[in-house]
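Here are some friendly notes to read alongside the structure. Take them one at a time, with the picture open beside you.

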Amino acid sequence: MNMGNGKEKKQTNRQWLFWLLPLSFFVIFYFYPLGNIFALSFSRSETGVLVPFLDAIQSNSVQNVLSFTVWQALLSTLLTLAIGLPGAYLFGRFKFRGKNLLRALTGVPFVMPTLVVAAAFNALLGPRGWLNLGLMDIFDLSEPPIRFINTLGAILLAHVFYNTTIVLRMVGDFWGRLDPKLTQAAQTLGANRWQSWWGVTVPLLLPAITAAALLVFIFDFTSFGVVLVLGGPKFSTLEVEIFYQTISLFNLPMAAVLSLIQLFTTLGLTIIYTRLSNKLSRPLKQRGRKITQSKLLGWRQKTFGATMIGLMVLLFVTPLLALGVRSFTRLDPDKRQTVESVQSGFTTDFYEELSVNSRDSYFYAPPTSAIQTSLLYASATVFFALVLGFPAAWALARYKKSLASRLLDPILMLPLGTSAVTLGLGFIVALDSPPLDLRTSPLLIPLAHTLVAFPFVVRSLTPALRSIQPVLRKAAASLGASPSKVFKEIDLPLIGRALIVSATFALTISLGEFGATALVARPEFPTIPVVIYRFLSQPGGLNYGQALALSTILMVVTTLGMLAIERLRIAEVNEF
Amino acid sequence: MFKKGILILTLVGIGLMGCTNNQNINNEIIEEDAEPATLTVMTHDSFAISEEVLAEFENENNVQVQFLRAGDTGTAVNKAALAGDSPLADVFYGVDNTFLSRALEENIFESYQSPLLGEIPDQYKLDEQFRALPVDFGDVCLNYDIEYFAQNKLAIPKKLKDLQIPKYKSLLVVQNPATSSPGLAFLFATIGEFGPDGYLKFWEKLVKNDVLVVNDWETAYYSEFSRWGGTRPIVVSYGSSPPFEVIFAEEEMSDPPTAAIVADSTCFRQIEFVGILRGTENREMAEKWVDFMLSTTFQEDLPLQMYVFPVNENAVMDEAFVEFLAVPDEPVYLAPEDIAEHREEWIEAWTDVVIR
């Protein structure tokens with residue numbers, strides 16, 4: 001064995017140092033609970049392990065559910081890309097007034113509880129929504145012409161509403177760092193606009209596009225709340241079916257089979273993705289925003305900019321705005337058949353009422369306490385997700401070709417494809433004895449959130465880390481920089497944006513998450529979404545109004561949180 | 001190595017909590033350490049209690065009650081069942097008669113014959129072995145938009161059967177029994193009324209009469225019910241929903257804008273139970289808590305906290321609650337054994353007829 005080989009081996013061994021923390025976390029909080037619940041589920045099967053599988057595969061309804069799940073996820077992903085990619089181009093390449101705010105607002109849907117989003121769409125598109133009332137007014141109709149709730153269109157629109165931010169952020173960020181000289185060079189060499197686009201820009205963007213598309217697809221594929229609330233009883237995804245089998249029927253073996261189908265589909269997709277991305281990603285010369293971004297110039301760019309901004313405002317901001325407006329309006333029951341009734345009176349009652357414990361309830365939580373609790377869990381999630389995700393992304397980028405990287409890379413995505421119902425019960429079954437009796441610990445909430453945030457962090461950071469040209473590190477090292485100095489001066493500035501993107505995802509995932517929070521909720525310390533659900537589950541105008549008021553507060557907190565992270569500016573790419 | 005990882009994570013977590021200065025949680029941790037007697041009570045999401053009433057129990061018994069919310073009724077029962085020999089809590093409140101069979105089959109409760117059972121009428125005691133003790137009941141009933149019926153000079157339906165008449169076409173919104181608890185209760189009401197052989201025919205006619213099915217109560221009530229965002233003036237909800245509309249009105253009102261139909265054989269009664277979780281190490285205190293829930297102190301707190309009715313005959317109900325309340329004299333009866341045996345089969349058959 002020569003020296004070079006020995007050094008390489010030492011290098012590969014060192015990668016386990018990076019994996020130690022993330023892997024331990026995964027084993028304890030993911031594989032262990034999941035293994036436990038699957039084992040328990042199949043032990044309850046009277047017909048062994050195999051029969052439930054065969055039953056599921058042969059069942060017509062399972063086949064229908066599976067094909068619908070894939071179909072709607074494909075459609076949703078394509079639509080999301082259709083809006084997200086031009087949007088990413090706008091955010092990545094251009095400067096315009098209000099850009100940061102618009103970008104933050106497009107991310108707000110990500111945290112909104114499904115029932116609230118349903119309420120927002122209902123205010124716009126429901127039977128008594130603005131659109132229907134307007135059309136009824138204009139055409140003098142007696143029935144609302146547009147049926148929105150319980151349609152495939154509602155599912156698709158909601159998925160686009162929720163997930164476009166993933167494309168905007170992941171692709172937009174990457175686009176913003178591409179050296180424009182590359183396309184300029186192609187054009188100097190005689191390529192026309194389209195040729196340089198397809199020959200240079202698209203191939204360079206592909207790693208980011210595939211990563212974003214994969215995440216969006218998995219989110220749509222495992223969609224639960226949107227399908228349940230907006231899709232209605234005629235539509236069912238695997239996740240909805242798992243919920244039904246588990247909660248309504250308590251048929252755990254069947255639920256486990258469906259969970260496994262969902263899991264392995266995710267795994268299969270992720271393996272294809274990782275193969276692909278290993279081929280696609282390459283070190284790139286990165287540029288700062290000063291170079292890559294310009295103002296919108298000329299009529300073409302201006303028209304494009306105006307169209308995209310208008311479209312994004314319409315799609316993402318209007319529903320949020322409708323909620324906000326509704327939280328300040330009192331409905332007048334006498335005139336509710338007209339458009340005007342929607343805005344029949346300004347009121348701050350709902351906000352004032354939030355701070356009143358009108359029933360002397362022991363579980364009452366003032367909005368400030370709910371905001372505090374939410375922010376506490378969210379900052380813990382950001383922290384955990386970065387501490388665990390960074391070393392993993394680092395190892396993946398540094399030891400790209402090692403066996404460990406190739407094996408572990410797809411596995412890291414699994415939590416996103418895992419049924420929340422199944423994993424939640426897994427926690428109950430597995431984490432039940434000291435030192436791991438975390439079933440009732442508040443710590444379990446950020447840990448569960450971290451499981452979901454972790455893949456986002458890895459997916460955002462890895463492409464950025466991989467695109468750092470090794471020659472930069474080597475040059476710095478040969479000039480006498482210590483490894484830590486190389487990291488600080490070379491790596492950190494180059495991945496600063498990606499870190500911000502990761503942190504933002506972790507923050508929003510935690511702020512909006514409801515399932516895990518409800519899993520072990522200490523009712524004295526509810527998060528904002530939990531309190532919103534409490535109000536929404538009771539009749540009465542004041543309850544509904546308070547739910548909307550608190551949703552508006554959640555939107556504001558999220559927007560501010562995202563703007564604050566943007567401000568952190570860990571480091572901006574310097575010019576070399 | 002894993003332990004070390006956890007240790008680090010835990011330390012970091014605690015550190016973080018300190019940093020963000022959330023005193024509530026800090027205080028609680030300290031209090032928990034200083035207070036040896038803790039009773040853990042698991043509940044469904046709708047549980048509520050007033051501060052005073054809880055303080056009374058805590059002071060009297062020198063105990064701190066830690067509540068755990070475990071999701072809706074079905075989810076909570078599943079969690080209790082799966083926790084097995086290491087129960088999540090000492091007591092579990094919130095299983096109702098639609099899920100009771102699962103709780104009993106899974107053997108999650110220890111039997112306890114509370115002395116207060118004498119104050120509770122026999123009709124609520126569905127478990128003869130007293131593993132699950134009745135606490136309260138509420139009725140799932142059709143609600144209607146009073147103004148709509150007045151404006152359109154339409155008579156209010158008196159029986160479930162009326163709903164299939166053409167003049168009530170496109171007026172009803174219900175919830176999917178597979179995903180919603182009031183939806184399931186309403187399905188049971190139709191089975192009780194028309195029998196296991198007749199309910200599907202009734203539903204076929206409802207489908208012809210353009211019944212709208214949504215998956216959850218929130219969508220039915222706030223998006224489709226004509227009192228709120230929708231066009232349907234009849235909705236499946238609770239008998240106690242009309243008083244909610246008054247007490248939680250946007251502006252003070254003297255009469256509720258909605259009413260419940262409580263005619264004979266139109267409502268389904270949900271009875272909720274409490275039980276001591278098998279394997280508790282706190283049996284004595286758990287018994288005290290169960291007694292407390294059956295006592296008039298707690299029973300009189302129930303209506304305005306959770307909008308359900310006390311089962312204890314001696315409990316006096318608050319007037320604000322009773323004023324707008326209609327209670328069915330004769331809700332639909334369905335034997336618990338039948339529910340236990342046919343639940344899944346009924347839901348499946350219903351789905352085939354109404355959804356597919």
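The points below go from confidence to one helix pair, then to domains and the chain contact.

1. Start with how far to trust what you see. This is a predicted model, and chain A has an average pLDDT of 85. In that chain, 93% of the residues score at least 70. Two elements mark the ends of the range: helix α3 (residues 60-93) of chain A has the highest mean pLDDT among the chain's elements, at 95, while helix α23 (residues 515-519) of chain A has the lowest, at 58.

2. Please read two stretches of chain A with care. Residues 334-343 of chain A have a pLDDT below 50, and the model gives this stretch 14 contacts beyond near neighbours in sequence. The pLDDT is also below 50 over residues 571-576 of chain A, where there are 16 such contacts.

3. Now go back to α3(A) and find its partner, helix α14 (residues 298-326) of chain A. How do their axes cross? They come within 10 Å of each other, at an angle of roughly 125°. Angles from 65 to 115 degrees would count as roughly perpendicular and those over 145 as roughly antiparallel, so this pair is oblique. The crossing of α3(A) past α14(A) is left-handed.

4. Which residues bring the two helices together? From α3(A) come I83(A), P86(A), G87(A) and L90(A), and they meet G305(A), M308(A), L311(A), M312(A) and L315(A) of α14(A). Sorted by class, this contact holds seven nonpolar residues, two polar ones and no charged ones.

5. Turn next to chain B, which is split into three parts: domain 1 (1-26), domain 2 (27-137 + 271-319) and domain 3 (138-269 + 324-354). Taken over C-alpha atoms, the centres of domain 2 and domain 3 of chain B are 28 Å apart.

6. Where do those two domains of chain B touch? The contact joins 13 residues of domain 2 to 11 residues of domain 3. On the domain 2 side, α5 (100-105) and β5 (133-145) of chain B are the elements that supply two or more residues. That side consists of seven nonpolar, four polar and two charged residues.

7. Finally, look at the two chains together. Contacts link 63 residues of chain B with 67 residues of chain A. Which element of chain B gives the most to its side? Helix α1 (residues 2-19) of chain B does, with nine residues. By class, the chain B side has 28 nonpolar, 23 polar and 12 charged residues.

Methods:
Residues are numbered from 1 along each chain as its sequence is written. Chains are lettered from A and ligands numbered from 1 in the order in which they are written. This is a predicted model: local features need pLDDT of at least 70, side-chain atom pairs count only at pLDDT 80 or more; totals for chains, interfaces and linings use all residues. pLDDT is the predictor's confidence in each residue, from 0 to 100. Helices (H or I, at least four residues) and strands (E, at least two) are DSSP runs, numbered from the N terminus. Two residues are in contact if their C-beta atoms, placed from the backbone, lie within 7 Å. Domain bounds come from an automatic or database domain assignment. Ala, Val, Leu, Ile, Met, Phe, Trp, Tyr, Cys and Pro count as nonpolar, Asp, Glu, Lys and Arg as charged, and the others, Gly among them, as polar. Axes are lines fitted to C-alpha atoms, for helices over the stretch in contact, and angles run from 0 to 180 degrees between N-to-C directions. Angles under 35 degrees count as roughly parallel, over 145 as roughly antiparallel, 65 to 115 as roughly perpendicular and the rest as oblique. A crossing is left-handed if the near helix is turned anticlockwise from the far one by less than a right angle, and right-handed if clockwise.
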